[in-house]
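Me: I would like a close look at a single part of the structure shown below. Please answer formally and in connected prose that a first-year student can follow.

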Amino acid sequence: MSAAVEPVPVTAVRGSFGGGFAWSFGRDLTLALRHPGETMLVVAFFVLVASLFPLGVGAEPQLLQRIGPGVIWVCALLAAFLSLPTLFATDYADGSLEQMQLSPHPMAAWVSGKIAAHWVASGLPLTVLSPLLGLQYGLQADTLGALALALLLGTPTLSLLGAACTALALGARGGGMLLALLALPLFVPVLIFGAGAAEAQAAGLTAAPHFSILGAALILAVMGLPFAVCTAVRIALD
Amino acid sequence: MKINWYYFASPATFFRLAGWVAPWMFAAAAILAAAGLYVGFVVAPTDAQQGEVYRVIFIHVPAAWMSMFIYFVMSCYCALSLTFNTRVGAMMARALAPTGAMFTFVALWTGAFWGRPTWGTYWAWDARMTSELVLLFLYFGFIALGNAFEDPRRGDRASALLALIGIVNLPIIYFSVKWWNTLHQGSSVSFRGTSMHVAMLWGMLLMAFACWAYAIGASMTRVRAIIIERERRTNWVRALVGARA
C-alpha cells in the first residue's frame with residue numbers, strides 16, 4: 001500500500017516592497033555570515049592598508065594626526081570597492097539573478113535589500129573599526145567621533161553608487177579595472193566631504209556642514225539609485 | 001510645413017545628413033578659429049595684471065565650456081536612446097565622447113600652463129580642477145564601458161545609464177567656483193554683462209564657436225564611421241560600398 005501524496009497547498013506570494021526587501025536582505029546577510037572568510041577579508045584589507053601608511057610615510061605623531069582621517073577614508077573606499085563583486089556578479093554567474101527577476105516582489109525592493117546587506121557586511125564593520133584605527137593615528141576623541149559618524153553617513157552612499165557601477169559592468173570584459181574606472185570617480189565627492197568632516201573637527205571647526213552634505217547625498221542616493229540599479233540589472237539580463 | 005522628426009532617426013538617412021554637415025562645420029571651424037586667433041593675438045590688448053600669459057584664455061575657456069556642454073548633449077542623446085531605444089541616439093553619444101574627453105584634457109592642460117606663471121603652480125586640488133578631472137574619468141569610463149561588451153547594443157545601454165548617473169558632476173563643476181571660495185577665479189562672462197575688454201570677449205566667443213563647429217564636425221565624421229561599422233550587413237551599406245568600389 002503506497003501512501004497517497006498529499007498535494008502541497010499552493011499559496012500565491014503577494015509581492016510587496018517590504019517582503020522583497022526583507023527576503024533579499026536576509027538571504028544576502030545569511031550568505032555573508034556563512035562565508036565569514038570573505039567578509040573578514042574586507043575588514044582585514046581595511047586594517048592592513050591603513051597600517052601600511054605609517055610604515056610608508058614615517059610614524060611622526062603630528063604627520064599621522066594630519067593624514068589619519070584621509071587615509072582611513074581612502075582605505076574604507078577601497079574596501080567598499082573591493083567587496084562589490086559579491087553584490088551581483090556571483091548571482092549573475094549562476095543564474096540566481098534571473099530567478100530573482102521572476103519574483104513577485106518589485107525589483108527595487110530586493111535590489112535595495114541586497115545593497116543594504118552589502119553595507120551591513122562591508123560598510124558597517126569598517127565604521128565600527130574606524131575609531132580603533134584612528135587611535136593608531138593618534139586622533140583626538142572628538143575627531144574619532146566625527147570620523148565614525150562621517151563613515152556611518154558616507155559608506156551607505158558608497159554601497160549604493162558601487163551597486164550601480166557593478167550592475168552596469170555585469171558580463172563586461174576587463175572586470176576589476178573597468179569597475180575601478182566607473183566607481184572610483186563617482187566616490188570622489190563622498191571622500192571629499194567624509195574626510196573633510198574629521199579634518200574640520202580636528203582643526204577646531206564644526207563638522208556639521210559636512211554631515212549635512214553627506215546626509216543629503218545619502219537621501220538622494222537612497223531615493224534615486226535603486227531605480228538606476230534596477231535598470232542596469234535589466235539591461236544585463238536582457 | 002510639417003517636419004518628420006523620425007526621418008533622421010534612421011541610420012541610413014542620418015549617415016547622409018552627417019556627411020553633408022561635417023565638411024561645412026570643419027570649414028566654419030577653420031574660419032572662426034583663424035578670426036578668433038587673430039583677435040586674440042593681435043587685436044586684444046595686453047592684460048594689465050597678467051601680461052601676455054592671459055592669452056591662454058582663448059583656448060582654455062572655450063575648451064572648458066565644450067567639455068561640460070558636450071557631456072550634457074551626450075547625456076541627452078543617452079536619455080533619448082534609453083527611453084525611445086533609438087539607435088542613432090546611442091551612436092551619437094558614442095561619437096561625442098572622445099571629442100568631449102579631448103576638450104576636457106585640453107582644458108586641464110592649458111589650465112596647468114596658465115596656472116604656473118599666474119598662481120605659481122601647475123596644479124592645485126581646487127574644487128573646479130578636481131571636478132573637471134572627475135569629468136575626464138567619467139568620459140573614460142563611458143568609453144571603456146561602451147566597448148566592454150560583445151554586443152554593441154548592450155554597451156550602448158549600459159554606458160548610457162552611466163552617463164546619466166554621472167551627470168550629477170556637471171552642476172558641481174559649474175557652481176564649484178561659487179560654492180567653494182578657492183584658487184580658481186569665478187566667471188568673467190555672464191548674460192548680464194562682462195568684466196572683460198570687448199576685444200578679449202570677442203576673441204573668446206569666436207574661439208568658442210570654432211570649438212563648437214569643430215566638435216560637431218568631428219562627431220559627425222565619427223558617427224559616420226560608427227554607422228558604417230554597425231550597419232555593415234545591411235543592403236544600403238553594401239550598395240554604398242559596392243558603388244564606391
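Reply: A suitable place to begin is Ala164(A), which, once residues up to four places away in sequence are set aside, touches Leu225(A), Ala228(A), Val229(A), Ala232(A) and Ile165(B). Please keep in mind that the model is predicted. Ala164(A) also stands out in the largest nonpolar core, a set of 141 residues in which Ala164(A), Leu168(A) and Ala232(A) have the most contacts. Ala232(A) therefore appears twice in this account: as a partner of Ala164(A) and as one of the residues with the most contacts inside the core. As a general background, nonpolar side chains tend to be buried together in soluble globular proteins.The next step outward is the helix α7 of chain A, which covers residues 141–168. This helix packs with helix α8 (residues 175–202) of chain A at an angle of about 170°, and the two axes are 9 Å apart. Because of that angle, α7(A) is roughly antiparallel to α8(A). Where α7(A) meets α8(A), the residues of the contact comprise 17 nonpolar, 7 polar and 1 charged.

The contact between the two chains can be described in a similar way. Chain A contributes 17 residues to the contact, and chain B contributes 16 residues. On the side of chain A that touches chain B, α7, α8 and α9 (208–237) each supply at least two residues. Of these, α8(A) gives the most, with 6 residues. Sorted by class, that side of chain A holds 13 nonpolar, 3 polar and 1 charged residues.

Another helix of chain A, α4 (residues 85–93), has Thr86(A), Leu87(A), Phe88(A) and Asp91(A) as its buried residues. Viewed down the axis of α4(A), these buried residues fall within an arc of 165°, so they line one face of the helix. The face turned away from the buried side of α4(A) carries the exposed residues Thr90(A) and Ala93(A). The buried residues of α4(A) pack against α2 (36–57), α5 (96–101), α6 (107–136), α7 and α9 of chain A. Just after α4(A) comes Gly95(A), with a positive phi of about 85°.

The whole of chain A provides the setting for these helices. Its secondary structure comes to 9 helices and 0 strands. The C-alpha atoms of chain A fill a box of roughly 80 × 40 × 35 Å along the principal axes. Chain A has 238 residues, of which 47% count as buried. Among contacts in chain A with a separation of 6 or more, 82% are between residues 24 or more positions apart.

Chain B, the partner chain, has 8 helices and 2 strands. From the N terminus on, its elements run α-α-α-α-α-α-β-β-α-α. The C-alpha trace of chain B spans about 65 × 35 × 35 Å along its principal axes. Buried residues make up 41% of the 245 residues in chain B.

Three residues of chain B illustrate three degrees of burial. Met200(B), in helix α7 (residues 198–230) of chain B, counts as buried because 22 C-beta neighbours lie inside 10 Å. Val106(B), in helix α3 (residues 87–119) of chain B, is partly exposed, with 18 other C-beta atoms within 10 Å. Leaving aside neighbours within four places in sequence, Val106(B) is in contact with Ile59(B) and Ala63(B). Asn85(B), in the loop between α2 (57–84) and α3 of chain B, is exposed, with 12 other C-beta atoms within 10 Å. The phi of Asn85(B) is near 55°, a positive value in a residue other than glycine. In general, most residues other than glycine have a negative phi.

Conventions:
Residues are numbered from 1 along each chain as its sequence is written. Chains are lettered from A and ligands numbered from 1 in the order in which they are written. This is a predicted model: local features need pLDDT of at least 70, side-chain atom pairs count only at pLDDT 80 or more; totals for chains, interfaces and linings use all residues. Axes are lines fitted to C-alpha atoms, for helices over the stretch in contact, and angles run from 0 to 180 degrees between N-to-C directions. Helices (H or I, at least four residues) and strands (E, at least two) are DSSP runs, numbered from the N terminus. Angles under 35 degrees count as roughly parallel, over 145 as roughly antiparallel, 65 to 115 as roughly perpendicular and the rest as oblique. Ala, Val, Leu, Ile, Met, Phe, Trp, Tyr, Cys and Pro count as nonpolar, Asp, Glu, Lys and Arg as charged, and the others, Gly among them, as polar. Two residues are in contact if their C-beta atoms, placed from the backbone, lie within 7 Å. A nonpolar core is a set of buried Ala, Val, Leu, Ile, Met, Phe, Trp, Tyr and Cys residues joined through C-beta atoms within 7 Å. A residue is buried if 20 or more other C-beta atoms lie within 10 Å of its own, exposed if 12 or fewer, and partly exposed in between; C-beta atoms are placed from the backbone. The arc is that of the directions from the helix axis to the C-beta atoms.
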